[in-house]
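Let's sit down with a structure and learn to read it step by step. Have the sequence and the 3D view open as we talk.

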Amino acid sequence: MTTSIEVKKAQLETAVHYLAGLLEEGSLIQHYDPETRREIAEVLELMLAKVNGLPDNVPDNLVQAAVVRAIVGAAENLHIEEALEREVFLNRQMREVEAFASIHGHTLTGWEPVSGEEGVEYQSSCRECGGFVYVSLSGTYNLLLDSCERM
Ligand SMILES: [Zn+2]
């Protein structure tokens with residue numbers, strides 16, 4: 001008895017989706033590096049989608065090219081996600097500093113992007129007292145005094 005090629009393909013897809021799911025959530029493979037796990041899971045899902053989109057009887061080198069595109073696509077998707085997370089984090093830091101500044105009577109200038117060790121960071125200062133604040137991914141450096149005193 002031979003299994004039809006469609007059945008084998010469906011079984012292989014189920015297996016690969018299952019593996020991608022395990023890689024994403026980390027059960028059974030806690031010792032794998034989390035970032036690499038997520039990236040491989042993304043590669044597998046993209047690879048299934050791209051291979052499904054290939055015409056019948058396509059040469060092997062085009063199948064391999066689909067895998068390469070999946071690897072490149074996964075890296076791009078995950079970096080966009082990371083960049084968004086960084087932006088959300090920095091924005092929350094800025095809102096917290098603005099709240100602190102206004103409670104303590106400071107009037108902040110707009111946030112200015114500065115380039116730091118981890119990429120873009122932001123600084124601002126008080127128009128009245130010159131007190132300075134700086135937000136980065138590793139935290140906030142708040143040099144505003146407890147009350148605003150004009151220089
Ligand atoms: Zn001030």
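**Reading the fold together**

Q: Before anything else, how many of the residues count as buried?
A: Keep in mind that this is a predicted model. Of the 151 residues of the protein, 17% count as buried.

Q: Which helices and strands should I look for, and in what pattern?
A: Start by listing the elements, then read them along the sequence. Here there are three helices and four strands, and they follow the pattern α-α-α-β-β-β-β.

Q: How do I tell whether the protein is spread out or a compact globule?
A: Set its radius of gyration against what the globule rule gives. For 151 residues the rule gives 15 Å, but the radius of gyration here is 25 Å, well over that, so the protein is more spread out than a compact globule. The C-alpha trace spans about 90 × 30 × 20 Å along the principal axes.

Q: What domains is the protein divided into?
A: Residues 5-83 make up domain 1 and residues 104-142 make up domain 2. Taken over C-alpha atoms, the centres of the two are separated by 41 Å.

Q: Let's take a helix. What length does H1 reach, and what is expected?
A: A helix can be checked by its rise for each residue. Helix H1 covers residues 5-25, and from its first C-alpha to its last it reaches 30 Å, close to the 30 Å expected at 1.5 Å a residue. Two of the 21 residues of H1 are buried, so this helix lies largely in the open. Just after H1 comes Gly26, which takes a positive phi of about 90°.

Q: Now a strand: in which sense do E1 and E2 pair?
A: Look at the bridges between the strands. E1 pairs with strand E2 (residues 119-125) in the antiparallel sense, over five bridges. As one place to look, Ser115 stands opposite Val120 in E2. Strand E1 (residues 112-116) is hardly covered, with a count of zero buried residues among its five.

Q: Is Gly131 buried or exposed?
A: Count the C-beta atoms around the residue; 20 or more others within 10 Å make it buried. Gly131 has 20 other C-beta atoms within 10 Å, so it is buried. You will find Gly131 in the loop between E2 and strand E3 (132-136).

Q: Which residues is Gly131 in contact with?
A: Leaving aside neighbours within four places in sequence, Gly131 is in contact with His106, Ser125, Cys126, Leu143, Leu144 and Leu145. You can also look towards Ala101: Gly131 and Ala101 are 30 residues apart in sequence, and 9.7 Å apart in space from C-alpha to C-alpha.

Definitions and conventions
Residues are numbered from 1 along each chain as its sequence is written. This is a predicted model: local features need pLDDT of at least 70, side-chain atom pairs count only at pLDDT 80 or more; totals for chains, interfaces and linings use all residues. The radius of gyration is taken over C-alpha atoms; the globule rule is 2.2 Å times the number of residues to the power 0.38. A residue is buried if 20 or more other C-beta atoms lie within 10 Å of its own, exposed if 12 or fewer, and partly exposed in between; C-beta atoms are placed from the backbone. Two strands pair if DSSP finds at least two bridges between them. The expected span of a helix is 1.5 Å times one less than its number of residues. Domain bounds come from an automatic or database domain assignment. Two residues are in contact if their C-beta atoms, placed from the backbone, lie within 7 Å.
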